[in-house]
Amino acid sequence: MKKVTSGGGWPAVWYVLNKARKSGGFWKTWKALRSKNACKTCAVGMGGQQGGMVNERGRFPEICKKSLQAMAADMQGAINDDFWSTYSVPQLQAMSPRDLEHCGRLNTPVLFERGTQYYRPITWDEAFERIAAKLAALTAEETFWYFSGRSSNEAGFLLQLMARLYGTNNVNNCSYYCHQASGVGLQSSVGSGTATLLLDDVEHADLVFVIGGNPPSNHPRIMTTLAHVRKRGGEVIVINPVIETGLVNFRIPSIVSSMLFGTKIATQYVQPHIGGDLALLTGIAKRIDELGAQDVNFLTNSCSGYEEWVQHLRGVPWSEIQERSGVSQPEINAMAEKYAAARNVVFSWTMGITHHAHGVQNVQAIANLALMRGMVGRPNAGLLPIRGHSNVQGIGSMGVTPKLKDAVFQNLEEHFGLKLPTAAGLDTMACMEAAHARQLKFGFCLGGNLYGSNPDSTYAEESLSRLEMLVHLSTTLNTGHAHGLADETIILPVMARDEEPQATTQESMFNYVRLSDGGPARLPGPRSEVEIIAVLGEKVLGGDGPIDWRLMRDTGRIRKAIAQVVPGFEQLDNIDKTKKEFQIPGRTFHTPQFPTPSGRATLHSHSLPELQGSGDQLRLMTVRSEGQFNTVVYEEEDLYRGQDRRDVILLHPDDIAQRGLAPEQRVCVRSDTGALKNVLVRSFEKIRAGNALMYYPEANVLVSRHSDPQSRTPAFKGVLVRIEP
């Protein structure tokens with residue numbers, strides 16, 4: 001592949017035009033993207049009642065390849081009925097994630113039964129009856145309910161309510177495998193598990209840290225904001241073991257000067273070893289203390305634990321910080337000096353921070369650093385976990401967690417006159433382990449790809465295949481429909497967000513609730529998620545209980561319930577009439593008052609983990625490509641990294657030479673968890689020597705089930721591997 005020297009630009013424009021042509025023409029694609037619906041991809045918070053391609057500040061046009069890829073996938077034609085008799089399950093298993101995604105839109109319920117080789121189409125009535133009969137034959141504690149971030153607030157709220165009325169708290173969502181460490185870390189530091197600031201605050205920062213992420217590929221719309229920061233003379237410090245092209249230079253098509261000449265993004269680019277972030281962050285804080293640049297008044301009056309923390313910090317030797325981060329003291333000093341000189345600072349991060357066995361501690365260390373100079377609890381500064389799915393935060397707000405927040409629990413019982421279960425529910429990994437032990441017999445997946453998102457894919461396939469029934473609500477095929485099939489696996493086709501017959505709502509990573517109007521159905525056959533859940537609720541729980549499930553097919557009625565049950569969502573009551581989108585109160589901290597018992601933020605001390613790897617071991621992180629969204633692969637190519645395929649391991653030239661390997665050589669990559677054969681070695685100078693990069697989810701077979709003990713988030717970016725010729 002021809003190497004690109006900047007992100008965005010003409011390659012992105014040509015891609016958009018070509019994708020639009022293949023999706024039915026530019027005008028058809030334009031209308032779809034401009035519809036009054038929240039964006040389907042990352043949680044930056046696009047679309048809504050201002051129309052697509054408009055951000056929360058009202059800026060137009062805002063468009064990225066990710067949103068176009070998702071829209072094009074939903075605009076595919078339907079899978080024909082003869083597909084299911086043509087392609088057996090073994091043939092589906094041989095397909096790549098991209099092949100499965102491009103088979104077309106699901107438009108009829110299908111059933112796989114163990115002992116057969118094929119899925120077969122069934123009617124909606126048969127699907128509902130089979131599911132209801134299975135649930136009637138099981139106890140509630142033999143089931144689990146998994147939610148992706150693609151669904152609406154209304155669907156999420158309704159399904160978690162159904163699961164709890166059925167009798168279980170085995171209710172969890174995909175954030176356990178991505179940003180759960182952010183939520184836990186932030187909650188323990190500032191009392192709230194989400195971003196502490198607004199999009200407008202980021203625009204006015206004069207220094208932004210981008211830690212452990214690759215926004216040009218995964219969250220392209222945030223690049224416009226970073227370009228604005230740079231244009232105003234602000235700085236961007238990037239911390240990443242890999243030099244990502246788009247974080248060096250990015251061409252934004254909606255900004256003429258940027259499109260023509262490019263925008264330099266990173267003013268300092270630091271490459272720690274994989275797993276070295278906690279030591280690096282500790283080093284920056286130590287240098288700030290040495291410079292006397294901390295805000296002692298803020299730390300004393302608005303934080304708890306300052307004296308203990310700073311004494312711990314002063315006791316950490318520089319030699320340990322350098323050894324365990326892989327970064328020299330002069331580089332750390334340079335970052336600290338930029339931080340000390342800045343007035344408005346934003347700390348942003350993605351899964352390069354959370355996907356570690358000490359992910360929560362990483363997030364706490366970022367919070368420590370921000371609190372050190374009073375960069376939380378004031379305008380134009382704060383903490384920003386960059387979330388990768390459009391409504392994963394909203395799903396959490398709706399109560400999709402094993403344990404409901406006390407206020408939601410109490411309000412649900414009082415509002416509906418319910419008696420909810422109180423037994424401890426299982427998180428996502430615990431559900432997989434219980435399924436493997438045959439303690440669970442039924443799984444229900446509202447979107448997503450549970451198989452594909454799991455570490456140790458061999459174990460994940462075994463776990464899911466031991467279920468008696470597994471139900472998927474999906475728009476297109478993915479690897480989870482081909483691997484890990486239960487005794488009975490049912491796929492129910494659902495509508496995309498912009499096809500829903502009724503309005504729904506979503507929540508952005510900036511705590512902004514957006515209204516999506518839905519739109520005309522593109523295909524006959526798929527049904528709305530809310531309708532499916534309401535029908536199942538009536539069949540499983542009956543029509544005589546405290547919930548009238550027939551009425552719950554109305555999303556407006558669900559919103560009224562949410563407004564009375566979930567604190568901060570009161571304005572949801574009549575949003576479909578007012579069309580007034582809103583910020584959830586109590587989550588944006590523009591004053592130094594925090595929702596903790598003391599009203600203060602909390603500083604945390606940490607012992608620095610040793611840098612993993614020795615001898616011939618390499619530190620491996622799994623990553624997403626530029627042609628990918630979470631587990632969904634739209635294109636085999638990874639444009640910005642110059643890769644034309646995905647069955648590769650990217651190594652620094654020094655590591656290739658030291659191991660007696662050669663570029664383009666086929667190897668076996670082995671970890672303590674599994675092995676991946678026939679992998680192609682690729683030379684990649686942009687990665688820090690001693691580290692390696694492979695693509696998710698294909699490399700999940702190498703990833704251990706060992707998780708951060710506080711968040712239960714697996715270490716997808718902390719894998720030790722060896723390479724065998």
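In this predicted model, Val667 stands opposite Val679, a residue of strand 26. The pairing to which these strands belong is antiparallel, with four bridges joining strand 25 (residues 666–670) to strand 26, and the two strands form a hairpin in which four residues lie between them. Strand 26, which spans residues 675–683, is also joined by four bridges to strand 24 (residues 648–651), and in this case the two strands run parallel. Within strand 26, Val681 is the bridge partner of Ile649. In a regular strand, side chains alternate between the two faces of the sheet.

Turning to the interior, the largest nonpolar core contains 61 residues, of which Trp145, Phe157 and Phe416 touch the most other members. Helix 8 (residues 153–166) gives the most to this core, contributing eight residues. When residues up to four places away in sequence are not counted, Phe416 touches Phe157, Leu161, Pro546, Ile547, Met552, Ala561 and Val565. Another core lies apart from this one and comprises 52 residues, including Ile239, Leu280, Val363 and Ala381.

Nonpolar residues are also found on the surface, where Trp10, Trp14, Leu17 and Phe26 form a patch with about 470 Å² of accessible area together. Helix 1 (residues 9–22) gives the most to this nonpolar patch, with three residues. Trp14, which is found in helix 1, has a relative accessible area of 52% and is therefore classed as exposed, the cut-off for that class being over 50%.

How values were computed
Residues numbered from 1 in each chain as written. Predicted model: local features only at pLDDT ≥ 70, side-chain atom pairs only at ≥ 80, totals over all residues. Heavy atoms only, no water. Patch = residues over 30% accessible without salt bridge, like charges linked within 9 Å, V, L, I, M, F, W, Y side chains within 5 Å. Areas by Shrake-Rupley, 256 points an atom, 1.4 Å probe, with all protein chains shown as cover. Salt bridge = Lys/Arg side-chain N within 4 Å of Asp/Glu carboxyl O. Buried < 20%, exposed > 50% of the residue type's maximum accessible area, 1.4 Å probe, protein only. Core = buried A, V, L, I, M, F, W, Y, C linked by side-chain atoms within 4.5 Å. Contact = heavy atoms within 4.5 Å. Pairing = 2+ DSSP bridges.
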